[in-house]
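Subject: Structure handover

Hello,

Here is the structure I promised to pass on. Please open it alongside this note; my findings follow below.

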Amino acid sequence: GGARSDRGSPSATVLISAPSAARAPSPRTMAPARDAILQAVQRGNEAAARAYLADGGDPSAAFTQGPVAGLTLLMAASNFGQPGMVDLLLEHGASLDARASNGMTA
């Protein structure tokens, strides 16, 4: 008796199918675009950085790369020896005060 009514209950069906969970946005959806701008900054691709900034991109955007959280574009540009990129980001208001989880600053 009890097992038969549990199988037919709407709650059991929702838990099994969970259609809304399958459609929920994932933080990974943004990862390719964010990874692309981080790589562009690291490589000194000023055209890509200018396009990102012109499109309203945050010059102080923070990223997680490996075990390090809070890595900013300015830190990446500085760490990868990209002085033109550093200047571009500073011109667009990049924060000099940010500190990554490993203590890195720009």
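Thr64 has its bridge partner in β2, and that partner is Ala69. The pair belongs to an antiparallel arrangement of strand β1 (residues 62-65) and strand β2 (residues 68-72), joined by four bridges. The two strands form a hairpin, with two residues between them. Gly66 sits in the turn and has a positive phi of about 60°.

Before going further, a word on confidence. This is a predicted model. The average pLDDT of the protein chain is 78. A score of at least 70 is reached by 70% of the residues. Among the elements, helix α7 (residues 83-91) has the highest mean pLDDT, at 97. Helix α2 (residues 10-17) has the lowest, at 40. Please treat one stretch with care: over residues 9-30, pLDDT stays under 50. For those residues the model has one contact beyond four places in sequence.

Now the overall layout. The protein chain has 106 residues, and 24% of them count as buried. Its secondary structure comes to seven helices and two strands. From the N terminus the order is α-α-α-α-α-β-β-α-α. Take the contacts between residues at least 6 apart in sequence: 59% of them join residues at least 24 apart. The accessible surface comes to about 7000 Å². Carbon and sulfur atoms account for 55% of that surface.

Next, the charged pair in helix α5. How many salt bridges does the count come to? One. The side chains of Glu46 and Arg50 form a salt bridge, at 3.8 Å from N to O. Side chains of opposite charge can pair when their charged atoms come close. Glu46 and Arg50 are four residues apart in helix α5 (residues 46-54), so about one helical turn separates them. Is Glu46 buried or exposed? Neither: Glu46 is partly exposed, at 29% relative accessibility. Arg50 is also partly exposed, with a relative accessible area of 44%.

Leu88 touches both residues of that pair. Leu88 is in helix α7. Beyond its neighbours within four places in sequence, Leu88 is in contact with Glu46, Ala49, Arg50 and Leu53. Leu88 counts as buried because its relative accessibility is 2%, under the 20% limit. Pro59 is 29 residues away along the chain, yet the C-alpha atoms of Leu88 and Pro59 are separated by 9.1 Å.

Back in helix α5, look at Tyr52. At 22% relative accessibility, Tyr52 counts as partly exposed. Leaving aside neighbours within four places in sequence, Tyr52 is in contact with Ile37, Gly57, Asp58, Ala61 and Leu73. Asp58 also gives a polar link: its backbone oxygen lies 3.0 Å from a polar atom of the Tyr52 side chain. The C-alpha atoms of Tyr52 and Ala33 are 9.8 Å apart, and the two residues are 19 apart along the chain.

Two more residues deserve a look.

Thr72 is in strand β2. Why does Thr72 count as buried? Because its relative accessibility is 5%, under the 20% limit. Outside its neighbours within four places in sequence, Thr72 is in contact with Ser60, Ala61, Ala62 and Ala98. Ala61 is thus a contact of Thr72 and also of Tyr52.

Gln42 is in helix α4 (residues 31-43). Gln42 is buried, with a relative accessible area of 11%. Which residues does Gln42 contact, leaving aside its neighbours within four places in sequence? They are Gln65, Ala76, Phe80 and Gln82. Gln65 falls within strand β1 (residues 62-65).

If you have limited time, start with the hairpin of β1 and β2. Then go to the salt bridge of Glu46 and Arg50. Leave residues 9-30 for last, where pLDDT stays under 50.

Best wishes

Conventions: Residues are numbered from 1 along each chain as its sequence is written. This is a predicted model: local features need pLDDT of at least 70, side-chain atom pairs count only at pLDDT 80 or more; totals for chains, interfaces and linings use all residues. Side-chain values use heavy atoms; hydrogens and water are left out. Buried means under 20% relative accessible area, exposed over 50%, partly exposed in between (1.4 Å probe, protein chains only). Contact means heavy atoms within 4.5 Å. Two strands pair if DSSP finds at least two bridges between them. A salt bridge is a side-chain nitrogen of Lys or Arg within 4 Å of a carboxyl oxygen of Asp or Glu. pLDDT is the predictor's confidence in each residue, from 0 to 100. Accessible areas come from the Shrake-Rupley method with a 1.4 Å probe; for residues, only the protein chains shown count as cover. A polar contact is a pair of N or O atoms within 3.5 Å; within protein, one must be able to donate a hydrogen and the other to accept it, and residues adjacent in sequence count only if both atoms are side-chain atoms.
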